[in-house]
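These are my notebook entries on a structure that is new to me. I record what I looked up, one topic at a time.

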Amino acid sequence: MGRRVLHKRKATVSRGESIRVLLLVTVFAGVPILGTIFVTASTSEADLSELTPINDRAGSYAVLNWSALVQDNPLVQEPSDPEKARLRMAAGTDLQALGYMLDGERTISRGEWVREFILLPEAGNLMHPAHRIRDQMITIHLEGGQRIQFSPRALTWVWGSFGVSPEPSVRSKPLYTLERARAKLADRADIQRYFK
């Protein structure tokens, strides 16, 4: 009996089919990545924590430099130098601050009228919430019967009397307060107008 030689047919894929498969893989892998980049970029706002006010004062108010609030900031720790001491915020200072409006411990609905909210130097984005660092958060207490419509992540100007929170050191709670405050929504152009 003779040996039978079996030949396997080699599967052939056309060049066009190969290109189609490669394109499909690229689209399926690329769309989520590009979508994430697009959503992050389109919902991000300027970070104010590294910006310096062009002028230290606006009328009778000191303009907030967010970096001066950081507890481990050497500019805040060494007040013996007059230039460095100038950056330290004293309780009772009349302060004007630009930041982003966010809710605190309780969730606040968009459009709800509030007397209190949290101000932060960054707004986060749709994919990543704002960093809630104790020494970079200010609780805003509006004066008297004043209220403002809550708008999450909205750029907001606030004027008031600066203070340090009397609450014990709780990492998730703001270290600072603005008492007897006034607030209004700001324009993005205010960032270039007032900071460098």
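**Entry 1. Overall make-up**

How many helices and strands are there in the protein chain? I found 4 helices and 9 strands. I then read the elements along the sequence and noted the pattern α-β-β-α-α-β-β-β-β-β-β-β-α. The model is a predicted one, and I kept this in mind throughout.

I looked up burial for the chain as a whole. Of the 196 residues in the protein chain, 36% are buried. I also looked up how far apart in sequence the contacting residues lie. Among contacts with a separation of 6 or more, 71% are between residues 24 or more positions apart.

**Entry 2. Confidence**

I checked the confidence before going into detail. The average pLDDT of the protein chain is 82, and 79% of the residues score at least 70. I marked residues 73–87, where pLDDT stays under 50. For this stretch the model has 14 contacts beyond four places in sequence. Where pLDDT is low, the predicted coordinates should not be read in detail. I therefore do not interpret the contacts of residues 73–87 any further, given a pLDDT under 50 there.

**Entry 3. Strand S3 and its partners**

I turned next to strand S3, which spans residues 94–102. Of its 9 residues, 8 are buried, and I noted S3 as mostly covered.

Which strands pair with S3, and in which sense? I found strand S2, residues 61–63, paired with S3 in the parallel sense over 2 bridges. Strand S8, residues 155–164, runs antiparallel to S3 and is joined to it by 7 bridges. Strand S5, residues 116–120, is also antiparallel to S3, with 3 bridges.

I wrote down one facing pair for each partner. Valine 63 is opposite glutamine 96 of S3. Alanine 97 faces valine 158 in S8. Tyrosine 100 faces leucine 120 in S5.

**Entry 4. Glutamine 96**

Is glutamine 96, a residue of S3, buried or exposed? I read a relative accessibility of 7% for glutamine 96, so the residue counts as buried, the cut-off being under 20%. Beyond four places in sequence, glutamine 96 has contacts with Ala58, Tyr61, Ala62, Val63, Leu64, Trp157, Val158 and Trp159. Val63, one of these contacts, is the residue that stands opposite glutamine 96.

**Entry 5. The largest pocket**

I then looked up the largest pocket, which holds about 400 Å³ of space. Its lining consists of 22 residues. Gly104, Glu105, Glu116, Ile118 and Thr139 are those nearest the centre. By class, I recorded 8 nonpolar, 6 polar and 8 charged residues in the lining.

Which strands each supply at least two residues of this lining? They are S5, strand S6 (138–142) and strand S9 (176–185). S5 gives the largest share, with 3 residues.

**Entry 6. Threonine 139**

Threonine 139 is among the residues nearest the centre of the pocket, and I located this threonine in S6. Its relative accessible area is 11%, which is why threonine 139 counts as buried. Its contacts beyond four places in sequence are Glu116, Phe117, Ile118, Pro174, Tyr176, Thr177 and Leu178. I noted that proline 174 is 35 residues away from threonine 139 in sequence, yet their C-alpha atoms are 6.1 Å apart.

**Entry 7. Alanine 186**

I found alanine 186 in the loop between S9 and helix H4 (189–194). With a relative accessibility of 17%, alanine 186 counts as buried. Outside its neighbours within four places in sequence, alanine 186 is in contact with Leu98, Leu155, Thr156 and Trp157. The C-alpha atoms of alanine 186 and leucine 98 are 8.0 Å apart, with their positions 88 residues apart along the chain.

**Entry 8. Two arginines with positive phi**

Last, I looked up backbone angles. Most residues other than glycine have a negative phi. Arginine 153 has a positive phi of about 70 degrees, and arginine 180 has a positive phi of about 45 degrees.

Where do these two arginines lie? Arginine 153 is in the loop between strand S7 (148–149) and S8, whereas arginine 180 is in S9. Arginine 153 has a relative accessible area of 26% and is partly exposed. Arginine 180 is exposed, at 56%.

Note on methods. Residues are numbered from 1 along each chain as its sequence is written. This is a predicted model: local features need pLDDT of at least 70, side-chain atom pairs count only at pLDDT 80 or more; totals for chains, interfaces and linings use all residues. Side-chain values use heavy atoms; hydrogens and water are left out. pLDDT is the predictor's confidence in each residue, from 0 to 100. Contact means heavy atoms within 4.5 Å. Buried means under 20% relative accessible area, exposed over 50%, partly exposed in between (1.4 Å probe, protein chains only). Two strands pair if DSSP finds at least two bridges between them. On a 1 Å grid over the protein atoms alone, a cavity is a set of points where a 1.4 Å probe fits but cannot get out, and a pocket is an open set with protein on both sides within 12 Å along at least five of seven lines; lining residues have an atom within 4 Å of a point. Grid points are joined across faces, edges and corners, and a volume is the space filled by probe spheres set on the points. Ala, Val, Leu, Ile, Met, Phe, Trp, Tyr, Cys and Pro count as nonpolar, Asp, Glu, Lys and Arg as charged, and the others, Gly among them, as polar.
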